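Trainee: Please give me a close look at one part of this protein, the nonpolar side chains at its surface, and then set that part against the interior.

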Amino acid sequence: MSKLTDPAWWKAAVLRAVYTAIAIAVPYIAAAQFAFVPWLMAASAATVGAILSFATSLFGLPEYEGVDLPWWLAALERVAKTFGQSLAAGLTGAVLLSDVDWPVVLQAALGAAFISLLRLVLATLPADPTRAPKITPERTEDGTWADIPKAEPDLGALVRDHQESMFS
């Protein structure tokens, strides 16, 4: 089945486009509080950013394709894409490069990249931090150290085992 006819792909692409549009719009809206930044510029940048997000989604969506990248690499890729999309979106309406308000556009692109990173960090936090797996470093067979998640012991099973051993 083509990804363009798959509802799961559309859901992932729309979510990513909405997240990108929000990440791009927020720095422009914040800049509007301190400098004269037209609301049309913020809306235009967010719309172009969402369109660019759809375009990059055509080349691949890790969450749709089941690609399991290391967290830092997935974060770096997402943040770089958001920065580029925001930078390109900030160039809309300019005929010459000298027409671009570079301080606002670069600040907005960096802000959008930061918001994208913050959203990734928040999305990967455990729902219940008290139930997060304990990570302890252990030496591997090749002599290097690796973080190995340790499962919490099943206290109910320990109590049952202890009771069985007491009464047997």
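Mentor: Accessible areas come from the Shrake-Rupley method with a 1.4 Å probe, and for residues only the protein chains shown count as cover. On that basis the protein exposes about 11,300 Å², of which carbon and sulfur atoms supply 70%. This is a predicted model, in which local features need pLDDT of at least 70 and side-chain atom pairs count only at pLDDT 80 or more, while totals for chains, interfaces and linings use all residues. Residues are numbered from 1 along each chain as its sequence is written, and side-chain values use heavy atoms, with hydrogens and water left out.

The framework comes to 6 helices and 2 strands (DSSP runs numbered from the N terminus, H or I of at least four residues for helices and E of at least two for strands), and along the sequence they follow the pattern α-α-α-α-α-β-β-α. Of the contacts (heavy atoms within 4.5 Å) with a separation of 6 or more, 63% are accounted for by residues 24 or more positions apart.

Now to the surface. Leu4, Trp10, Val14, Leu15, Val18, Tyr19, Ile22, Val26, Leu58 and Phe59 make a nonpolar patch of about 930 Å². Patch residues have over 30% relative accessible area and no salt bridge, with like charges joined within 9 Å and nonpolar side chains (Val, Leu, Ile, Met, Phe, Trp, Tyr) within 5 Å; a salt bridge is a side-chain nitrogen of Lys or Arg within 4 Å of a carboxyl oxygen of Asp or Glu. Helix H1, residues 7-34, provides the largest share of the patch, with 7 residues. One member, Ile22, lies in H1 and is partly exposed at a relative accessible area of 47% (buried is under 20%, exposed over 50%, and partly exposed in between, with a 1.4 Å probe and protein chains only).

Leu4 sits in the segment before H1, and is likewise partly exposed, with a relative accessible area of 45%. Leaving aside neighbours within four places in sequence, Leu4 contacts Trp9, Trp10 and Leu58. Leu4 and Leu58 are 54 residues apart in sequence, yet their C-alpha atoms are 8.6 Å apart in space.

Turning inward, buried residues make up 25% of the 168 residues. The largest nonpolar core has 11 residues, including Ala23, Ile24, Tyr28, Ala89 and Val104; such a core is a set of buried Ala, Val, Leu, Ile, Met, Phe, Trp, Tyr and Cys residues joined through side-chain atoms within 4.5 Å. At least two residues of this core come from each of H1, helix H2 (39-58) and helix H5 (102-124), and H5 gives the most, with 4 residues. Apart from this core lies another, of 5 residues, among them Ala17, Ala21, Ala25 and Ala50.

Two residues of helix H4 (residues 71-90) are also worth following. Thr82 lies in that helix and counts as buried because its relative accessibility is 1%; beyond neighbours within four places in sequence, Thr82 contacts Ala23, Ala112, Ala113 and Ser116. Ser86 lies in H4 as well, and is buried with a relative accessible area of 0%. With neighbours within four places again set aside, Ser86 is in contact with Ile24, Tyr28, Ala108, Ala109 and Ala112. Taken from the other side, and not counting residues up to four places away, Ala108 touches Pro27, Tyr28 and Ser86.
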